[in-house]
Structures are given as structure tokens and as C-alpha cells.
Amino acid sequence: MQTTPFCYQLDKPDYRPSSYDNHIQRTLSSMKGQYVDQEAYGQMLAEDDVLLYEVYEILRPEISGELMSGVSIVHPGKVGTEYFMTKGHYHSVLDTAEIYYTHQGFGYMVMETPEGDWAVEELYPGRVLYILPRWGHRSVNASPTEDLVMYFIYPGHAGHDYGTIEEKGFRKLVVERNGRPEIIDNPRWSHANG
Ligand code: S6P
Ligand code: ZN
């Protein structure tokens with residue numbers, strides 16, 4: 001790990017960092033139960049465990065004075081009518097924020113709090129999204145052809161809680177209807193919460 005200030009490049013055409021510590025690749029099989037159309041999910045998985053998204057991480061010590069950063073790339077595609085998306089998570093230390101800067105593509109950040117608030121923000125090149133502490137987040141690629149490429153920064157001690165979202169999902173889904181993205185209620189979320 002670096003002990004003096006350091007730099008890395010995020011260059012066109014793909015904005016992958018010039019150096020990184022970790023490359024995560026998440027495929028369809030890691031999203032069991034997350035897509036509302038379970039039949040479409042099963043059929044697609046039987047054909048191919050496709051790559052949904054990748055994360056290049058620049059890691060630092062997991063302490064509050066440090067910052068984690070990196071690049072996430074969500075590939076284009078759909079499971080049924082629902083766009084490819086990240087697993088989504090809360091930070092384990094709930095009271096930690098995050099910033100996302102979109103380099104390329106078009107999509108949405110779906111967010112909610114444990115208190116019942118929700119928000120969905122558009123993501124497109126040049127746009128900066130500030131995610132407040134306590135807001136769980138999932139990125140969704142709503143472009144039919146382009147990667148959604150974003151740079152992110154969050155506190156070193158934040159950690160990740162995936163379990164809550166795996167169990168309940170998000171309140172809102174982004175689906176394609178009549179060739180356009182639409183934000184709808186997640187029927188599975190309502191069911192899970194009675
Ligand atoms: C971490 C930050 C991103 C995500 C990445 C993948 O706090 O929000 O690095 O990890 O977008 O999403 P997920 O939900 O699989 O971690
Ligand atoms: Zn996060």
C-alpha cells in the first residue's frame with residue numbers, strides 16, 4: 001500500500017483506472033432472487049452466467065480518515081423487462097455518505113433509507129450524485145447499448161451490508177416499458193413487508 005500521495009488515470013475510452021488493487025466481476029448467478037421476473041432469470045441463467053457488472057477498487061485502510069475509490073461498470077442488458085443492475089447495499093456504518101460521478105452511459109441510482117424514504121436519480125455524463133448517510137444504493141444501466149461507467153468515493157470505514165437488500169430488495173424497480181425506462185413499485189418488496 002502506498003505511503004506517499006499517489007495518482008491514477010481515468011482515461012477514455014473506457015475510464016478503467018490505470019492502476020487498481022482489486023477487480024470484482026459479478027455475474028447473473030450472484031443476483032439470485034433480486035430480479036422480479038424469476039422465470040426470465042432462470043431461463044437466462046440456464047443459457048449463460050452473463051457478466052452484469054465490474055468494479056475496479058483502489059483500496060485503502062478501513063479507517064475513517066481514509067477514502068475508498070474506484071470505477072464501476074454496469075453492462076447493458078435486461079432480465080425480463082428489468083435492466084442490469086448492481087446488487088445494492090447499505091454501508092455497514094450507516095452514517096457514511098458516498099459520491100458518484102458518471103463518466104459514460106445512462107442510468108439510475110435507486111436509493112432508500114431504513115426509515116422508509118426513497119429516491120431515484122438519473123445518471124449521465126458529467127453528473128455528480130451525492131448519496132447521503134443512511135441511504136442504501138443500487139445502480140441501474142438503462143441504456144440499450146452502452147456501459148454505465150462511474151467513479152465513486154466513500155469513507156474507508158463504511159463497509160458493506162448486502163444482507164438487508166438481498167432479503168427485501170429495493171422499494172422501486174427500473175423496467176423498460178414501451179421502449180422507455182419506467183420506475184415502478186417492487187411487488188416483491190411489498191410482499192416481504194406484508
Ligand atoms: C461501494 C460503492 C461501489 C459499489 C459498486 C458495486 O460503497 O457503492 O463501489 O460497491 O457499485 O455495487 P455493489 O452493490 O455490488 O457493491
Ligand atoms: Zn456504497
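# Briefing: zinc site, ligand 1 and selected residues

S139 is in strand β10; helices (H or I, at least four residues) and strands (E, at least two) are DSSP runs, numbered from the N terminus. This is a predicted model, in which local features need pLDDT of at least 70 and side-chain atom pairs count only at pLDDT 80 or more, while totals for chains, interfaces and linings use all residues. Residues are numbered from 1 along each chain as its sequence is written, chains are lettered from A and ligands numbered from 1 in the order in which they are written, and side-chain values use heavy atoms, with hydrogens and water left out. The points below cover the metal site, the second ligand, four residues with their contacts, and backbone exceptions.

**Zinc ion (ligand 2)**

- H89 (NE2), H91 (NE2), E98 (OE) and H137 (NE2) coordinate the zinc ion (ligand 2) at 2.1 to 2.3 Å.
- Donors are N, O and S atoms within 2.8 Å of the metal (3.2 Å for Na, K and Ca), and sites may look incomplete because water is not among the atoms.
- The arrangement is octahedral because the six donor atoms around the zinc ion subtend angles of 72 to 174°.
- Six donors count as octahedral, and four as square planar, if opposite donors are over 155 degrees apart and all others between 65 and 115; four count as tetrahedral if all angles lie between 85 and 135 degrees, and anything else is irregular.
- The spacing of the donor residues in sequence is H-x1-H-x6-E-x38-H.
- Distant parts of the chain are linked by the pair H89 and H137, 48 residues apart: H89 is in the loop between β5 (82-83) and β6 (98-104), and H137 is in strand β10 (residues 136-141).
- Both H89 and H137 are buried, where buried means under 20% relative accessible area, exposed over 50%, and partly exposed in between (1.4 Å probe, protein chains only).

**Ligand 1**

- Ligand 1 is surrounded by 16 residues, of which Y53, G88, E98, Y100 and Y162 are the closest; a residue counts as near a molecule or strand if one of its heavy atoms lies within 4 Å of it.
- E98 thus appears in two places: it is a donor to the zinc ion and one of the closest residues to ligand 1.
- H91, also a zinc donor, has a polar side-chain atom 3.2 Å from an oxygen atom of ligand 1.
- An N or O atom in the side chain of Y100 is 2.6 Å from an oxygen atom of ligand 1.
- For H160, a polar side-chain atom lies 2.9 Å from an oxygen atom of ligand 1.
- The protein buries 97% of the 390 Å² that ligand 1 exposes when taken alone; accessible areas come from the Shrake-Rupley method with a 1.4 Å probe, and for residues only the protein chains shown count as cover.

**Residues and their contacts**

- S139, with a relative accessible area of 2%, is buried.
- Outside the residues up to four places away in sequence, S139 touches V74, F84, M85, T86, Y108, M109, L123, L148 and M150; contact means heavy atoms within 4.5 Å.
- M111 is in strand β7 (residues 107-112) and counts as buried at 5% relative accessibility.
- The residues that M111 touches, not counting those up to four places away in sequence, include W118, L129, I131, F170 and the zinc donor H137.
- H103 is in strand β6 and, at 16% relative accessibility, counts as buried.
- Leaving out residues up to four places away in sequence, H103 touches L10, Y15, P125, V149, M150 and Y151.
- The C-alpha atoms of H103 and R16 are separated by 10 Å, with the two residues 87 apart along the chain.
- P76 is in the loop between β3 (67-74) and β4 (78-79) and counts as partly exposed at 24% relative accessibility.
- Beyond four places in sequence, P76 is in contact with residues including F84, N141, S143 and P144.

**Backbone exceptions**

- Most residues other than glycine have a negative phi, and most peptide bonds are trans.
- The peptide bond from K12 to P13 is cis, with omega near 5°, and P13 lies in the segment before β1 (22-27).
- R134 has a positive phi, near 85°; R134 is in the loop between β9 (128-131) and β10 and is partly exposed, with a relative accessible area of 31%.
- N178 also has a positive phi, near 50°; N178 is in the loop between β12 (172-177) and β13 (180-185) and is exposed, with a relative accessible area of 79%.

Notes
A polar contact is a pair of N or O atoms within 3.5 Å; within protein, one must be able to donate a hydrogen and the other to accept it, and residues adjacent in sequence count only if both atoms are side-chain atoms.
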